[in-house]
Amino acid sequence: MITHYGIPASPGVAIGEALIFDKERIRIPRRFVTRDAVDDEVRRLEQAIDAVAAEIDRNRELVTGQLGAQYGAIFAAHLAMLRDPRLNEEWRRLIREQHYAPEHAVSETLRRYASVFQKLEHRFLAARSEDVLDIERSLLRCLTGQPREELTHIGSPVAVLAHDLTPSETASLDRRFVIGFATESGGAGGHSAIVARALEIPAVVGLGRFLAETGPGDAVIIDGDEGRLIVRPDGPTRAEFERRAESRRTFAASLERFRDLPAETADGTRIEIDANIEFPHEVDACRQRGADGIGLYRTEFLYLGAAREPTEDDHFRAYADVVERMGGRPVVIRTFDLGADKLGRAPGESEERNPFLGLRSIRISLRHVTEFRRQLRAILRAGASGDVRVMFPMIATVPELRRAKAILADACEDLDEAGIPRPPKMPVGMMVEVPSAVVLLDRFLPDVDFVSIGTNDLIQYALAVDRCNREVADLYHDTDPAVLKLIAMTVDAAERHGKPVGLCGQMSANPLCTPLLIGLGLRSLSMPPADIPEIKQICRGTTVERCREVAGRALRMESARQVDHYLREEFQKNRT
Ligand code: PEP
Ligand code: MG
């Protein structure tokens, strides 16, 4: 039995057989073919293209079924690239005239294309280089007969183990069979962790090297609560985790009754409980778990399914779908939060020395005004048929906020000129996730209708700890008194200005923190849908007065460790 420690990315326990998804190990057998073998080799290439095309088509159907047509579209782009007549002609020519082996022809051309894409200024096109390399891998696997561990053709329950998973790989995990996943790289805030939570499967990331010591079919336990991967567990360990998985199931069933109850404290204060979503299809889970609204719609995930730069109508359809399915409940649409660990980063840009301090989030939107304005028009259009609010991420300075608002005003004008309906005034919010925004919040507040605290980022910027770096994951604490103080300052400033304030970081889903957050003055929390019932239960079992005591004591402590210890004690007291 070997235990590897990583970063918890999505809660729960998965016990099952390992499926090792190792996409790097493809060897190209030879460089050239003889003159008389040329026709056969061209035929072999054509067969490989057909086989890969059929495979892509199957993936497209599967993803469309799971996540919707717009996400299936990513595979249509792969297909178009694979069948591109000029590319196909270039391969044939290299085989016929240069006597290249098909593997060599494919690899050489596609790697060249990928590097051209990588150098492009346009970040969306630059990110396409990953797709080109995906196609190269598929073709090589087919040509060399090296089997591919298919994520989409899994027919029995497996735990997927990989070095990393790309956005398309994560999205194509078949929820019926993939019981969890564990990766060597990545952090809790990365795209694959967020998708795991959306799929509601346990996941651990940032485990460091473990694949070399793990074989396909090995029994494994993925402990998404504590961030552990246990390979070949012994009997007692397995039995213990089976008991834990069972008690989780019983606990989840016992929470179902909270779905239709409001999150009202025992002394009568209503807490609004909203959901964080990444995909329109998650609205069903929000309704099932009793969300009051959507507190954070992470629109950057639209890129996950995009075969091309999303058009205004692509945006509009996704947003309108969410708004319609929420049936009049409020929906906060956050504008793109791309870059750093998230999607849409050009591969070359990963070399930025400090990506979290670099070109990310609102900074990207403000540099790509055409795309930003297009997204804002779509949000405004969706607002014509429901309660939609727009929110800007990672605002660090007042001029940034003003620029974003000016572009929003331009988008309003675009629609008015074209006679397209929009709400007369859409509420505008900003995320508070950079300490500068907390410190100067008084100067931002006159310009916004609401604020939402993004603790995932606020913690990393306040404590100087990269949220995705496994080396410093032990220093990343939502309960650090400095973080609590920043939250308290934000709530106080918002109250002074009479502006609503919520919290939509992962901290809002941590049951230990619920009394603390209520005590700090928060009355609106947004979290992954799966966590809603438990948080409602906690709200209903406490009083605001008690929560204030908890927050008061925690604020006077010196370290996250002390606060954690105290919160755990309080939690146990309430449970017994
Ligand atoms: C946050 O930073 O807390 C947040 C909710 O945004 P994201 O996790 O998408 O960066
Ligand atoms: Mg954030």
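## Helix α17 and its packing

Contact here means heavy atoms within 4.5 Å, and buried means under 20% relative accessible area. The structure is a predicted model, and in this model α17 is mostly covered, with seven of its nine residues buried. Those buried residues are T455, N456, D457, L458, I459, Q460 and Y461. They pack against strands and helices from several parts of the chain, namely β10, β13 (428–432), α15 (435–439), β14 (450–453), α18 (481–496) and β15 (501–503).

## The surroundings of ligand 1

Helix α17 also has a place in the ligand shell, to which it gives the most, with three residues. Of the 14 residues around ligand 1, those that come nearest are R298, R334, E433, N456 and R467. By class, the shell is made up of seven charged, four polar and three nonpolar residues.

Three polar approaches to oxygen atoms of the ligand can be described individually. A polar side-chain atom of R334 lies 2.8 Å from an oxygen atom of ligand 1, while N456 comes to 2.8 Å from a ligand oxygen through a backbone N or O atom. For D457, a polar side-chain atom lies 3.0 Å from an oxygen atom of ligand 1. Taken alone, ligand 1 exposes 290 Å², and the protein buries 100% of that area. The elements that give two or more residues to this shell are β10 (293–298) and α17 (455–463).

## The loop after α17

Just after α17, the backbone of A464 takes a positive phi of about 55°. The next residue to consider is V465, placed in the loop between α17 and α18. Because its relative accessibility is 4%, V465 counts as buried. Leaving aside residues up to four places away in sequence, V465 touches Q460, V472, L475 and Y476. With Y476, the C-alpha to C-alpha distance from V465 is 6.1 Å, although the two are eleven residues apart in sequence.

## Nonpolar cores

In soluble globular proteins, nonpolar side chains tend to be buried together. In this model the largest nonpolar core has 87 residues, and M430 and I487 are those with the most contacts inside it. When residues up to four places away in sequence are not counted, I487 touches I453, T455, L503, M507, L517, L520 and L522. T455, one of these partners, is also among the buried residues of α17. Apart from the largest core lies another, of 24 residues, which includes V63, L87, A105 and L143.

Key. Residues are numbered from 1 along each chain as its sequence is written. Chains are lettered from A and ligands numbered from 1 in the order in which they are written. This is a predicted model: local features need pLDDT of at least 70, side-chain atom pairs count only at pLDDT 80 or more; totals for chains, interfaces and linings use all residues. Side-chain values use heavy atoms; hydrogens and water are left out. A residue is near a molecule or strand if one of its heavy atoms lies within 4 Å of it. A polar contact is a pair of N or O atoms within 3.5 Å; within protein, one must be able to donate a hydrogen and the other to accept it, and residues adjacent in sequence count only if both atoms are side-chain atoms. Accessible areas come from the Shrake-Rupley method with a 1.4 Å probe; for residues, only the protein chains shown count as cover. Helices (H or I, at least four residues) and strands (E, at least two) are DSSP runs, numbered from the N terminus. Ala, Val, Leu, Ile, Met, Phe, Trp, Tyr, Cys and Pro count as nonpolar, Asp, Glu, Lys and Arg as charged, and the others, Gly among them, as polar. A nonpolar core is a set of buried Ala, Val, Leu, Ile, Met, Phe, Trp, Tyr and Cys residues joined through side-chain atoms within 4.5 Å. Buried means under 20% relative accessible area, exposed over 50%, partly exposed in between (1.4 Å probe, protein chains only).
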